[in-house]
Amino acid sequence: MTAPTRSLAPATSGQLATFRLDGDLYGIEVEHVQEVLRSQQLTRVPLAPTAVAGLINLRGQVVTAIELRERLGRPARPEGTDPVVIVVRLHGEAVSMLVDSIADVVDVDAGDFEAPPDTLEGQARELIRGAYKLDGKLLLALDVQKALSA
Amino acid sequence: MDGLDDIVEEFLVESHENLDQLDTDLVALEQEPDSRERLSSIFRTIHTIKGTSGFLAFNRLEEVTHVGENMLSRLRDGELALTPQRTSVLLQMVDTVRSLLTSIEATGGEGSVDVSAVVADISVAMEDGPAPAAEAPAAAETAVEAPAAQQAPAEKAPAKKAPAKRAPAKRAPRAAAVPAPAVEELPETPQEDLRADLPEEPVAPAPVAEEHPVPEPAVADHPEGDGVPASDAAGGQARRAVADSTIRVDVDLLDELMLLVGELVLTRNQIVQNVARQTDTDLIRASQRLNLIASELQEGVMKTRMQPIDHIWSKLPRVVRDLGLQLKKSIRLEMEGRDTELDKTLLEAVKDPLTHLVRNSVDHGIEAPEARKKAGKPAEGVLTLRARHESGQVVVEVADDGAGIDPAKLGAKAVQRGLLTQEALNRMSPADVLQLIFLPGFSTAAAVTNVSGRGVGMDVVKTNIESIGGTIEVESDPGVGTVCRLRIPLTLAIVPALTVECASDRYAIPQISLQELVSLDAEKAANAVEEVGGAQVYRLRGELLPLVRLTDVLGLTSERHDGHVVIAVLRSEGRRFGLVVDRVINTEEIVVKAVGGQLKAIGLYSGATVLGDGTVALILDVQALARRALRTETTDRQEARAGSLQTVSAETDRQRMLLAAIGGGRRVAIPLDTVTRLEQVRTESVEKVGNREVVQYRGAILPMVRLDRHLGAYGETEREVLEVIVYSDHGRSVAIVVEEILDIVDGEAAVRSDIDDMGLLGSAVLGDKVTELLDVRAAILAADPAFYSAPASSSTPAGVPDSLLEV
């Protein structure tokens with residue numbers, strides 16, 4: 001099981017910034033994260049792909065916001081709950097994603113890494129590199145590049 | 001080694017600048033072959049390049065410039081006369097030098113550029129000369145000859161030119177090189193001279209300057225200073241007078257400054273908006289001051305990036321000359337407004353499109369001399385470049401006095417290429433037809449030349465101009481000439497824009513496309529906005545303006561339910577349309593921010609911006625919007641029309657009909673596609689010619705037919721204002737007077753009968769009432785018996801509206 005996983009995405013040790021989305025815990029490499037913001041005013045973009053939640057004003061810079069629930073095929077965020085914005089820097093450009101809430105920065109060990117659980121379905125499977133087995137819970141490692149190239 | 005790299009770089013920059021000047025000088029020299037001034041200037045430029053290239057061990061470059069220099073020195077000394085052939089050889093040399101420089105720039109070496117051919121050509125051109133002076137001198141001779149040649153200007157003009165000389169800081173050492181020491185230096189070869197100087201003067205230009213003891217060589221080193229001294233008014237280059245106090249600044253740095261200023265402007269907007277709600281007078285005063293200073297700073301920084309358009313125009317005389325020679329056409333190039341300034345980035349972006357337009361005009365626009373004589377024009381064609389500032393934009397025109405474009409031919413070609421249907425073409429105005437040249441894959445050149453006419457021209461020009469937020473349109477008078485007009489924003493970074501609201505979101509529309517705003521209250525809107533073939537139109541001062549609802553384009557639902565209609569009249573590609581929005585907010589200076597790839601792919605937004613209150617607004621791409629909205633509409637209608645043609649024999653069926661009352665309770669239907677305009681005419685302006693009524697309309701005489709009289713109805717006899725339907729075909733127009741314009745209906749469901757009368761085609765039930773179908777042809781003949789007998793493509797009378805909208 002580990003061999004094919006490695007060829008897909010090498011298991012890495014290091015720090016992951018974690019966040020919650022629809023009850024699950026996800027993580028992205030901490031070095032990608034530029035900043036985390038409280039809910040922001042979004043400007044919708046008509047005719048854009050559904051995963052594009054809108055544009056936000058990040059200190060004068062216009063940044064596209066991707067709704068991660070939509071990307072991962074999860075149900076829409078319940079009414080009345082504000083998303084948290086994680087601003088990510090990819091290839092020198094800032095993109096942001098909307099998640100439910102932010103959690104800790106976690107040290108992970110390559111030894112705990114496994115391929116995505118078989119129960120993962122559809123497009124989510126494409127975007128998840130694999131899972132780190134933490135104490136009592138699973139941390140899903142998100143492939144930021146793929147997730148934000150909606 | 002860094003030092004050396006700097007030297008090479010400096011050398012390249014200067015040489016390129018000098019070469020540009022050289023092109024201009026050489027072409028100008030042909031006009032006045034006796035100008036010593038120009039010859040000296042050219043000579044010095046080549047000499048400088050030669051000297052430096054020898055020092056930097058670019059041997060081939062040295063070889064080419066060396067023979068060139070020889071020829072120039074003999075030209076200057078009057079041993080040789082300047083012939084067109086020699087000018088061509090010299091220009092060829094300039095080209096070779098340029099490609100060598102390019103190669104050096106790219107690879108650091110001279111690459112594989114072959115110079116032997118040019119060298120041979122120059123030698124031949126020199127031997128042809130009448131002066132039996134020494135054969136092309138060997139390399140050893142040069143050192144003697146070249147400096148000797150320099151003596152002439154040194155002796156001739158030092159006193160006169162000394163005041164014009166400029167001495168930037170880095171050239172301080174040259175101050176010592178007044179004419180007297182110059183003479184002492186002459187016997188030395190330039191190379192030795194340079195090497196001797198190198199230790200104290202590691203920067204290339206300085207040694208180069210040293211090698212030129214004559215006062216003017218400074219020119220060779222000046223970006224702005226170019227070839228001829230300021231006293232040489234004949235050159236007309238006033239801009240070099242400023243060269244004194246200029247410094248070179250990295251464009252990247254300016255870009256960064258511009259970005260920062262953009263941010264500052266945004267922040268300023270936010271502060272000013274917030275402060276407007278405050279009562280603290282100190283704060284208000286401070287914010288007003290900030291407002292002012294930010295505006296001035298923005299203007300100042302924008303100015304630093306401004307360059308006169310002459311920078312790109314200066315290359316065009318050469319282009320025109322070469323092309324003219326090649327095509328055996330005689331062309332005079334005139335330039336107006338060459339000091340019009342625009343942003344450097346934009347200038348670069350406009351360069352290629354402009355060159356293409358000029359080549360196009362020379363190739364296709366201006367006729368061969370014989371053809372011109374036949375047409376009663378002077379043999380010499382005139383190509384005019386005009387640039388000017390106009391309402392925050394730069395307008396650049398390329399105008400020729402050539403054959404012009406014949407809309408009929410152009411339209412036929414477009415149909416033949418399958419770019420549009422004959423049907424659609426028939427309904428286009430001549431002005432619209434002209435814009436067809438911007439369609440991809442279009443070229444009207446009868447013969448494909450290697451100059452242009454490969455079918456990839458104008459659409460690329462258009463794409464390029466649009467990519468910098470500009471627009472292009474073409475106007476043409478057959479037989480008189482063609483004008484291509486570019487409208488370019490002053491700068492890319494900060495653009496004035498109109499902010500509008502649509503479905504409670506705000507959007508920005510660049511002012512460059514905006515013509516006017518129309519606001520209609522519910523009552524007026526109900527009357528004034530009409531349906532034509534499923535598309536809405538608005539009668540704007542009699543012209544039919546197609547309407548596009550922004551909500552429809554964006555797939556949103558309007559939140560305006562009170563029936564008010566707000567129309568932004570936009571211009572795109574020479575045609576107008578009305579964009580219906582919910583509300584107009586205000587005008588604002590916006591800073592264009594790029595949007596991510598996935599948003600660009602939507603093709604409706606040219607970017608985004610942050611508004612004064614901090615919200616993000618999308619910037620609408622008007623061109624794309626027009627293309628998307630208007631084209632789908634036309635194709636829809638074309639399909640509808642095509643379908644109707646197959647199923648129906650009578651021409652009135654399935655057509656949109658204009659319903660008009662003609663008095664006595666009678667209603668007449670007129671096929672809408674024969675209607676070009678709706679007008680109102682005051683009764684007192686109706687005049688008589690014989691027993692016919694006419695009205696002056698747009699500078700021409702428009703024959704009138706009163707439908708009530710024509711059809712024997714008895715309407716109100718005299719009213720103050722007459723409702724007029726203008727019908728135009730092949731450049732002739734008539735006016736059909738009705739009592740009242742009632743409605744536009746779909747003739748599809750009509751129950752028809754052949755009960756008719758004189759002047760009618762029959763009758764039908766339209767809108768629940770019996771309506772007479774007008775025999776348009778008969779009505780028109782009643783007004784203008786010659787209407788259909790006039791030659792189909794007779795010259796267009798001035799009175800024909802030049803911007804008819806497709807109905």
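**Exercise 1. Locate B:Ala503 and state whether B:Ala503 is buried, partly exposed or exposed.**

Step 1. B:Ala503 sits in the loop between β8 (494-502) and β9 (505-510) of chain B. Strands (E, at least two residues) and helices (H or I, at least four) are DSSP runs, numbered from the N terminus. The model is predicted: local features need pLDDT of at least 70, side-chain atom pairs count only at pLDDT 80 or more, and totals for chains, interfaces and linings use all residues. Residues are numbered from 1 along each chain as its sequence is written, and chains are lettered from A and ligands numbered from 1 in the order in which they are written.

Step 2. A residue is buried if 20 or more other C-beta atoms lie within 10 Å of its own, exposed if 12 or fewer, and partly exposed in between, with C-beta atoms placed from the backbone. B:Ala503 has 18 other C-beta atoms within 10 Å, so B:Ala503 is partly exposed.

Step 3. Phi of B:Ala503 is positive, about 50°, although B:Ala503 is not a glycine. Most residues other than glycine have a negative phi.

**Exercise 2. Do the same for A:Asp22 in chain A.**

Step 1. The loop between β1 (14-21) and β2 (24-29) of chain A holds A:Asp22.

Step 2. A:Asp22 is partly exposed because 16 other C-beta atoms lie within 10 Å.

Step 3. A:Asp22, which is not a glycine, has a positive phi near 50°.

**Exercise 3. Describe the surroundings of strand β18 (residues 616-620) of chain B.**

Step 1. Five of the five residues of β18(B) are buried, and the strand is mostly covered.

Step 2. B:Val616, B:Leu618 and B:Leu620 point one way, B:Ala617 and B:Ile619 the other way.

Step 3. Two strands pair if DSSP finds at least two bridges between them. β9(B) runs parallel to β18(B), with two bridges, and B:Ala508 stands opposite B:Ile619. Strand β17 (residues 605-610) of chain B runs antiparallel to β18(B), with five bridges; B:Thr609 has B:Ala617 as its bridge partner.

Step 4. The hairpin of β17(B) and β18(B) has five residues between the strands, and B:Gly614 takes a positive phi near 95° there.

**Exercise 4. Check the length of helix α13 (residues 281-304) of chain B and find what covers its buried residues.**

Step 1. The expected span is 1.5 Å times one less than the number of residues. For the 24 residues of α13(B) this gives 34 Å, and the end C-alpha atoms are 35 Å apart, which agrees.

Step 2. B:Gln298, B:Val301 and B:Met302 are the buried residues of α13(B). An α-helix has 3.6 residues a turn, so residues three or four places apart point the same way.

Step 3. The cover over these buried residues includes α12 (251-275), β1 (306-308) and β8 of chain B.

**Exercise 5. State which residues chain A and chain B bring to their contact, by number and class.**

Step 1. Two residues are in contact if their C-beta atoms, placed from the backbone, lie within 7 Å. Chain A gives 18 residues and chain B gives 20 residues.

Step 2. On the side of chain A that touches chain B, β4 (52-58) and β5 (61-67) are the elements that give two or more residues. β4(A) has the largest share, four residues.

Step 3. Ala, Val, Leu, Ile, Met, Phe, Trp, Tyr, Cys and Pro count as nonpolar, Asp, Glu, Lys and Arg as charged, and the others, Gly among them, as polar. By class, this side of chain A has eleven nonpolar, six polar and one charged residues.
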